[in-house]
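Dear colleague,

I am handing over the structure below, and after it you will find an account of what was found. Please read the notes on method together with the findings.

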Amino acid sequence: MATYLTTPDNSTTQQDPDRRNVIKFGVVGYGYWGPNVVRNLNQIDQAEVLSVCDKSAAARKRIQKTFPNVEVASDTNELMSSTEIDAIAVVTPVWTHYELAKAALENGKHIFVEKPFTSNAAQAEELINLAARKNLKIMVDHTFLFTGAVKRIRQLLDEDALGKLYYYDSTRVNLGLFQHDVNVIWDLGPHDLSIMDHLLGETAEAMVATGQSHLNGHEDVAFITVYFPDKVIAHINVNWLSPVKVRTTLIGGEKKMLVWNDLEADEKIKIYDRGVSVTSQEGLYNLLVNYRSGDMWAPKIEQSEALQRELSYFVNCITKDETPINDGRAGLRVVRMLEAASESLRQRGALVYL
Ligand SMILES: NC(=O)c1ccc[n+]([C@@H]2O[C@H](COP(=O)([O-])OP(=O)(O)OC[C@H]3O[C@@H](n4cnc5c(N)ncnc54)[C@H](O)[C@@H]3O)[C@@H](O)[C@H]2O)c1
């Protein structure tokens, strides 16, 4: 592993003291998402992309054109064995995450791994143990945790602004992008599952998932229900066959309710002072239901790019030796939920306990 902390500089040429704290990255995978990772790393003062690897010649050509100063590799071993590289970002299809992440950790590199962390929980556990033994960091790219919207919702929940939570209901649908190795639950599901894991701070108790594949053998439409403690229920609708893109989440609480429309440019979150209170009299048929319909307000939220904030945080976690909120364990919790959803899907909607 290259040195980046307070290691004395023994070289004969004078090194800029600020450069010694720069974390040097290798990035594997330059398809759809990889360019975003490389671009954002390049904009962080304390990070530098030394090398990008992709097995596709077309992808390598694109890297060279966009980043002429970055080394381009076709074989991941070049990155893994580099003594200069401190951290590897794994931005390849899900089924390759485990092997690449393992090789990186074995070679003493911190890892930033795309969501979902691994293809199964056993792989995630093995990587977590390996990283702990080698004192290396794992960050799983749960990008949404770093959006202004999720940060603001978390703040509202911490302040108990919504009161006791009732439900989380998300619609995350669009046309494509069809993945070749995973179904729509493993592709789009990690976003909501990681958001819920972060916001609710509770481990799911059980899941139900139904879905159907129409085109490439992988489910392209799916509906997931997650049961949390204290009667909190979540529903996620994920779909690659929707004519329009929808990114809308409702979060209902006893005191207030919230609508988060991620496609809105300005007022992404609207908080409604609306709700229902029930006063029971003698017997079920004498319930008095009172509806409250108060004001709506849209809080200001940060607009900067979530991936950049997340990658800066990763660099800080490495240099300050801190554990990220989206570490391997957070990745594992999401993979466990995905496994439970897959099991339920196989049994056409059976209730599966976690
Ligand atoms: N965080 C997010 O919001 C977000 C968004 C999109 C995708 N992703 C994740 O990013 C990952 C990649 O998705 P994508 O849509 O960019 O996929 P993609 O298929 O577009 O790109 C993957 C690239 O990796 C390369 N590759 C595959 N195996 C390799 C290997 N062993 N060595 C070198 N190169 C290799 C391929 O040639 C390809 O160029 C997935 O895990 C996906 O879930 C995350």
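**Sheet, cavity, pocket and patch**

In β10, Thr171 has Asn237 as its bridge partner. This is a predicted model, in which local features need pLDDT of at least 70 and side-chain atom pairs count only at pLDDT 80 or more, while totals for chains, interfaces and linings use all residues. Residues are numbered from 1 along each chain as its sequence is written, and side-chain values use heavy atoms, with hydrogens and water left out.

The pair Thr171 and Asn237 belongs to the parallel pairing of β7 with strand β10 (residues 233–239), which extends over seven bridges. Helices (H or I, at least four residues) and strands (E, at least two) are DSSP runs numbered from the N terminus, and two strands pair if DSSP finds at least two bridges between them. Strand β7 (residues 165–175) is also joined to strand β11 (residues 241–253), in this case antiparallel and by nine bridges, with Val173 opposite Val246 in β11. Strand β11 in turn runs antiparallel to strand β12 (residues 257–261), to which five bridges join it, and here Thr249 stands opposite Trp260.

These pairings are part of an open sheet of nine strands, in the order β14-β13-β12-β11-β7-β10-β9-β8-β15, with mixed pairing. At its edges stand β14 and β15 (352–353), each of which has a single partner strand, so one side of each is left without a neighbour in the sheet.

As for enclosed space, a search of the whole structure finds one cavity of 30 Å³ or more. On a 1 Å grid over the protein atoms alone, a cavity is a set of points where a 1.4 Å probe fits but cannot get out, whereas a pocket is an open set with protein on both sides within 12 Å along at least five of seven lines; lining residues have an atom within 4 Å of a point. Grid points are joined across faces, edges and corners, and a volume is the space filled by probe spheres set on the points.

The largest cavity has a volume of about 40 Å³, and its lining consists of Phe144, Ser170, Thr171, Arg172, Arg247, Thr248, Thr249, Trp260 and Asp262. Both β7 and β11 supply at least two residues of this lining, which divides into two nonpolar, four polar and three charged residues. In this classification Ala, Val, Leu, Ile, Met, Phe, Trp, Tyr, Cys and Pro count as nonpolar, Asp, Glu, Lys and Arg as charged, and the others, Gly among them, as polar.

The second largest pocket holds about 240 Å³ of space. It is lined by 17 residues, of which Leu165, Leu199, Leu200, Glu202 and Val232 are the closest to its centre, and the elements giving two or more residues to the lining are α6 (148–158) and α7 (184–200).

On the surface, Val276, Val278, Leu287, Val289 and Tyr291 make a nonpolar patch of about 470 Å². To this patch β13 (269–279) and β14 (288–297) each supply at least two residues, while Leu287 lies in the loop between these two strands. Patches are made of residues with over 30% relative accessible area and no salt bridge (a side-chain nitrogen of Lys or Arg within 4 Å of a carboxyl oxygen of Asp or Glu), with like charges joined within 9 Å and nonpolar side chains (Val, Leu, Ile, Met, Phe, Trp, Tyr) within 5 Å. Accessible areas come from the Shrake-Rupley method with a 1.4 Å probe, and for residues only the protein chains shown count as cover.

With best regards
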